[in-house]
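Thanks for making the time this morning. I would like to walk through one model with you, strand by strand, and then turn to a pocket and a few individual residues.

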Amino acid sequence: MAFGTWDARPTNQADVGGDIAAKLYVASLPYDIEEEEIRKVFGVYGVVAEVHINRPTEGRPDRSAFVRFEEAYSASSAMLVLSEMHKFRPESMEAIKIMPARGGGKGDRKGASSCGGGWSGGDNV
């Protein structure tokens, strides 16, 4: 690595939790968000492997999604730059919020919460 440059990539992928470290939970998305919009914005930071937009929650005007990158450093970069800064719609009241996705998934609610879920990829239910 040259002097004066910064490399967000971890030296050992296992140190950051592998696949879990490459997955993000994104909140405060517009109600009408499309997968392609998410891929376009997040794809600037690396290869997006999967996007899962959660079903609308009754009584809430916004949506949430999980975005999984091929590389953990891409997820870190996207989170650092976009969280609480990017709005998908100019008229949105607040910017999106991004946090690392927690472990868990279908049948395993240990890592799930109302603000982080636990989608582990796979089918779009």
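Let me start with V51, which stands opposite V67 in β3. That pairing belongs to a longer contact, in which strand β2, residues 48-53, and β3 run antiparallel and are joined over five bridges. I should say at once that this is a predicted model, and everything I describe is computed from it.

On its other partner, β3 is joined to β1 by six bridges, and these two strands also run antiparallel. Two positions let you find that pairing on the screen: V26 has A65 as its bridge partner in β3, and P30 stands opposite D62 in β3. Strand β1 in turn pairs with strand β4, residues 97-100, in the antiparallel sense over four bridges, and there you can look for A27, which stands opposite K97 in β4.

For the overall layout, the chain has two helices and four strands, and read along the sequence they follow the pattern β-α-β-β-α-β. Of the 125 residues of the chain, 38% count as buried.

With that figure in mind, how many of the eight residues of β3 are buried? The answer is eight of the eight, so β3 is largely enclosed by the rest of the structure. The side chains of a regular strand alternate between the two faces of the sheet. In β3 itself, D62, S64, F66 and R68 point one way, while R63, A65, V67 and F69 point the other way, and all of them are buried. Please note that both of these sets include charged residues as well as nonpolar ones.

F66, which is found in strand β3, is buried with a relative accessible area of 2%. Its C-alpha atom is separated by 7.8 Å from that of N54, and the two residues are 12 apart along the chain.

The same question can be put to β1, and the reply is again that eight of its eight residues are buried, so that this strand, too, is largely enclosed by the rest of the structure. From β4 I would pick out I98, which counts as buried because its relative accessibility is 7%, and the cut-off for that label is under 20%. The C-alpha atoms of I98 and V81 are separated by 9.8 Å, with their positions 17 residues apart along the chain.

Turning now to the rings, the count comes to two aromatic pairs. One of them is formed by F42 and F69, which are tilted, with 6.4 Å from centre to centre and 50° between the planes. Since F42 lies in helix α1, residues 35-42, and F69 lies in strand β3, residues 62-69, the pair ties together parts that are 27 residues apart in sequence. Both F42 and F69 are buried. There is also a charge over a ring to look at: R63 lies over the face of Y31, at 5.9 Å from the ring centre.

Next, the pocket I mentioned. The second largest pocket has a volume of about 180 Å³, and its lining is made up of S28, L29, P30, R60, P61, D62, R89, S92, M93 and E94. Which element gives the most to that lining? It is strand β1, residues 23-30, with three residues. By class, the lining has four nonpolar, two polar and four charged residues.

One of those lining residues, S28, deserves a second look for its backbone. Most residues other than glycine have a negative phi. S28, however, has a positive phi of about 65° although it is not a glycine. S28 lies in strand β1, and it is buried, with a relative accessible area of 14%.

A second residue of this kind is E84, whose phi is near 60°, a positive value in a residue other than glycine. Is E84 buried or exposed? E84 is exposed, with a relative accessible area of 57%, and it is found in the loop between α2, residues 72-82, and β4. So I would leave you with these two positive phi values, that of S28 in a buried position of strand β1 and that of E84 in an exposed position of a loop.

Note on methods
Residues are numbered from 1 along each chain as its sequence is written. This is a predicted model: local features need pLDDT of at least 70, side-chain atom pairs count only at pLDDT 80 or more; totals for chains, interfaces and linings use all residues. Side-chain values use heavy atoms; hydrogens and water are left out. On a 1 Å grid over the protein atoms alone, a cavity is a set of points where a 1.4 Å probe fits but cannot get out, and a pocket is an open set with protein on both sides within 12 Å along at least five of seven lines; lining residues have an atom within 4 Å of a point. Grid points are joined across faces, edges and corners, and a volume is the space filled by probe spheres set on the points. Rings of Phe, Tyr and Trp (its six-membered ring) pair if their centres lie within 6.5 Å; planes under 30 degrees apart count as stacked, over 60 as edge-to-face and the rest as tilted. Buried means under 20% relative accessible area, exposed over 50%, partly exposed in between (1.4 Å probe, protein chains only). A charge sits over a ring if NZ of Lys or CZ of Arg is within 6 Å of the ring centre and within 35 degrees of the ring normal. Two strands pair if DSSP finds at least two bridges between them.
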